[in-house]
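Biologist: I have not looked at this one before. Can you walk me through it?
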Amino acid sequence: MDLDFAPMEGVTSCLYRNVHAACFPGVDRYYAPFIAPDGSGRFKGAALRDILPENNREIRLVPQLLCNTPEAFLAASRELSAMGYHEVNLNAGCPSATVVPKHKGAGMLADLKSLDAFLEEVFARCELRVSVKTRMGLESTAEFPAVLEIYNRYPISELIIHARDRAGMYRSSPDLAAFSAAFPLGRAPVRYNGNVVDAESCKKVMSTVPALDRLMLGRGAACDPALFRVLRGGAPLEAVELRHFLDRLERAFLQAGLGEHFTIARLKELWYYGIWKFPGAGRLHKALNKARRLDEYHAAAAALFASGLFDAGASFQG
Ligand SMILES: Cc1cc2nc3c(=O)[nH]c(=O)nc-3n(C[C@H](O)[C@H](O)[C@H](O)COP(=O)(O)O)c2cc1C
């Protein structure tokens, strides 16, 4: 089974990806959180640092673009090609209220004529393989057959389907029936994404669509960084591994010059997912979220690990 790590803005930065790959090898591909190109064809600042090949040496990375003008997409793709990338991913799934009204991300699904025109221009001129990460519709997954009809006109290298509509944000149950109906109709190879958080949820998807052999894991993997190993039949996450992983990440954040405040903020973001491995730890999690200094954070994290609440079988259920 081919298993990719989903892009997660604010979580799966290059620092995270590198530490994850060192501690939990076996991810087929990491997707970089989206970059919204400004049309200049030049990446800058944090966005550039995140995708620079020298910052992603040990992993296979696919950069992702969020934009709806072919010119901006093509200019950014040329830059990616010059950096040595062979594939670029189009974000047609972001549900954010700041993105969708601009007809970007999942908002691209609002006007299928514009989507078609965008893809026509991109596929006529892009030097890179283009994969697409998509929602199944804006208001309803019932929109997907019409969306897929557009995608099927183009040689998309892989279609990653987040099996929700935009209205479902990250809360609704993935629509496995709609995904399973669409799966055999895709011209491109199809990858499933949405709420695969443990062996059980993986089994549910795989038994619904037995021919599926590509999955993308997001929040489940942010909670359980060993999830890729687990889904391949390997050992469950151990508390000591999680602790070591978080310690290495903390050092990486500090070494990158993030400073105490931002390092703690990033670690709290990771604990937002990781806390599901500690059922019943609400009070201890609150204490961790109150930490303002690293010594306070260390004490709160140590209390969580000492609590005995760690449960390797627990998974993200948010
Ligand atoms: C905090 C957060 C940030 C995300 N950032 C991105 C992003 O930059 N690009 C993208 O395509 N999807 C992004 N996603 C969506 C995930 O990649 C994934 O599609 C979604 O979480 C569903 O998969 P999961 O249930 O395995 O988490 C983000 C999701 C979350 C929760």
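Modeller: We can go through the ligand site and then the cysteines; keep in mind that this is a predicted model.

Biologist: Fine. Where does the ligand sit?
Modeller: The ligand is in the largest pocket.

Biologist: Which residues come nearest to the ligand?
Modeller: There are 18 residues around the ligand, and P7, Q64, N193, N195 and R219 come nearest.

Biologist: What classes of residue make up that shell?
Modeller: The shell around the ligand has eight nonpolar residues, seven polar ones and three charged ones.

Biologist: What about polar side-chain atoms, say for Q64?
Modeller: Q64 has a polar side-chain atom 2.8 Å from an oxygen atom of the ligand. For N193, an N or O atom in the side chain is 2.6 Å from a ligand oxygen atom. Y170 has a side-chain N or O atom 3.4 Å from a nitrogen atom of the ligand.

Biologist: And how much of the ligand's accessible area does the protein cover?
Modeller: On its own the ligand has 610 Å² of accessible area, and the protein covers 90% of that.

Biologist: New topic. How many disulfides does the structure hold?
Modeller: Zero.

Biologist: Why is C23 not in a bond?
Modeller: Because the closest cysteine sulfur, in C14, is 15 Å from the sulfur of C23, which is too far for a bond.

Biologist: And C94, what is its nearest cysteine sulfur?
Modeller: That of C67, 13 Å away; C94 is in no disulfide.

Biologist: Are those two buried or exposed, C23 to begin with?
Modeller: C23 has 17% relative accessibility, so C23 counts as buried. C94 is buried too, with a relative accessible area of 12%.

Notes: Residues numbered from 1 in each chain as written. Predicted model: local features only at pLDDT ≥ 70, side-chain atom pairs only at ≥ 80, totals over all residues. Heavy atoms only, no water. Near = heavy atom within 4 Å. Polar contact = N/O pair within 3.5 Å; in protein donor to acceptor, adjacent residues only side chain to side chain. Areas by Shrake-Rupley, 256 points an atom, 1.4 Å probe, with all protein chains shown as cover. 1 Å grid on protein atoms, 1.4 Å probe; cavity = no way out; pocket = protein on both sides within 12 Å on 5 of 7 lines; lining within 4 Å. Sits in = over half its atoms within 2 Å of the grid points. Nonpolar A, V, L, I, M, F, W, Y, C, P; charged D, E, K, R; others polar. Disulfide = S-S within 2.5 Å. Buried < 20%, exposed > 50% of the residue type's maximum accessible area, 1.4 Å probe, protein only.
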